[in-house]
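User: Please take a close look at one part of this protein. I am a first-year student, so keep the sentences short and connect the part to its surroundings.

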Amino acid sequence: MVTKGSCMCSQIAYEFSGEPATTALCHCTDCQKWSGAAYTANVVVPRKDFSVTKGTPKTYDAIGDSGKVNKHFFCGNCGSSLYTELEIMPDVACVKSGGLDGGAANHEVKVEFYTKDRLGYAKEVPGADQVTQFGQ
Ligand SMILES: [Zn+2]
Ligand SMILES: [Zn+2]
């Protein structure tokens, strides 16, 4: 199975094969800033199964609570948030699932991270594990 995604202007396209390792919402304040929304929705996929197939994303390095680099990949033309690669999770890419094509954005949510930063109107997803922040 191959899942494809793209940015709003279609200059960047990417894909991954197989099933995600997990699916997650992240409520951290960096995700709020980067997405301009209450949280990011992510499909977490092995980096070996993920590839950019069109264009070259720009990157921005944020320093996470861990003190390690969280590399953010985005379209330099339209600004769409595409995926992140966290130094603390070296084997996976966190694909921002709003960019997935063909209905693949409508996935289940297995876990929610950084619930300590959850906004009041962003209600808990029934059945999803609740994690206050990473590593807890
Ligand atoms: Zn774009
Ligand atoms: Zn986050």
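User: Please start with strand 4: how many of its seven residues are buried? Then, which strands does strand 4 pair with?

Analyst: Six of the seven residues of strand 4 are buried, so the strand is mostly covered. Keep in mind that this is a predicted model. Strand 4 runs over residues 40-46.

Take its partners one at a time. Strand 3 and strand 4 run antiparallel and are joined by five bridges. One matched pair here is T23, which stands opposite V43 in strand 4. Strand 9 is also a partner of strand 4, again antiparallel and over five bridges. V43 turns up here too: its bridge partner in strand 9 is V95. V45 of strand 4 stands opposite A93 in strand 9. In general, strands of a sheet pair through backbone hydrogen bonds, either parallel or antiparallel.

Now look at strand 9, residues 92-96. Five of its five residues are buried. Both of its faces are covered. V92, C94 and K96 lie on one side, and A93 and V95 lie on the other. That fits a general rule: in a regular strand the side chains alternate between the two faces of the sheet.

Strand 9 also pairs with strand 8, residues 81-86. This pairing is antiparallel and has two bridges. Y83 stands opposite V95 in strand 9. Strand 8 and strand 9 form a hairpin, with five residues between them. V95 is therefore matched with V43 in strand 4 and with Y83 in strand 8.

Step back to the whole sheet. Eight strands form an open sheet in the order 6-7-8-9-4-3-10-11. Its pairing is mixed. Strand 6 (58-63) and strand 11 stand at the edges. Each has a single partner strand, so one side of each is left without a neighbour in the sheet. Strand 6 pairs with strand 7 in the antiparallel sense, over six bridges. There, I63 has V69 in strand 7 as its bridge partner.

Next, see what V45 touches. Leaving out residues up to four places away in sequence, V45 touches F16, P20, A21, F50, V92, A93 and V95. V45 also belongs to the largest nonpolar core, which has 26 residues. C26, V45, L82, A93 and V95 touch the most other members of that core. Strand 2, strand 3 (22-26), strand 4, strand 7 (69-74), strand 8 and strand 9 each supply at least two residues of this core. A general tendency applies: in soluble globular proteins, nonpolar side chains tend to be buried together.

There is another sheet to place. It is open, has three strands in the order 1-2-5, and pairs them in the antiparallel sense. Strand 1 (2-6) and strand 5 (50-54) stand at its edges. Each has a single partner strand, so one side of each has no neighbour in the sheet. The twist averages 25° from one strand to the next. Strand 1 and strand 2 (residues 13-17) pair over five bridges. V2 stands opposite S17 in strand 2.

For contrast, look at R118. R118 sits in the loop between strand 10 (111-113) and strand 11 (129-130). R118 has 18 C-beta neighbours inside 10 Å, so it counts as partly exposed; a buried residue needs 20 or more. R118 and V92 are 26 residues apart in sequence and 24 Å apart in space, C-alpha to C-alpha.

Finally, set strand 4 in the whole chain. The protein chain has one helix and 11 strands. Along the sequence, the pattern is β-β-β-α-β-β-β-β-β-β-β-β. Of its 136 residues, 32% are buried. Among contacts with a separation of 6 or more, 53% join residues 24 or more positions apart. The C-alpha trace spans about 35 × 30 × 30 Å along its principal axes. A compact globule with 136 residues would have a radius of gyration near 14 Å, and the chain agrees, with 14 Å.

One record adds a label. An unreviewed UniProt entry gives the annotation "domain: CENP-V/GFA" for residues 3-115. That span is 6% helix and 46% strand, and its end C-alpha atoms lie 28 Å apart.

Notes
Residues are numbered from 1 along each chain as its sequence is written. Chains are lettered from A and ligands numbered from 1 in the order in which they are written. This is a predicted model: local features need pLDDT of at least 70, side-chain atom pairs count only at pLDDT 80 or more; totals for chains, interfaces and linings use all residues. Helices (H or I, at least four residues) and strands (E, at least two) are DSSP runs, numbered from the N terminus. Axes are lines fitted to C-alpha atoms, for helices over the stretch in contact, and angles run from 0 to 180 degrees between N-to-C directions. The radius of gyration is taken over C-alpha atoms; the globule rule is 2.2 Å times the number of residues to the power 0.38. A residue is buried if 20 or more other C-beta atoms lie within 10 Å of its own, exposed if 12 or fewer, and partly exposed in between; C-beta atoms are placed from the backbone. Two residues are in contact if their C-beta atoms, placed from the backbone, lie within 7 Å. A nonpolar core is a set of buried Ala, Val, Leu, Ile, Met, Phe, Trp, Tyr and Cys residues joined through C-beta atoms within 7 Å. UniProt positions are given in the numbering used here, feature names are shortened, and annotations may be inferred rather than shown by experiment.
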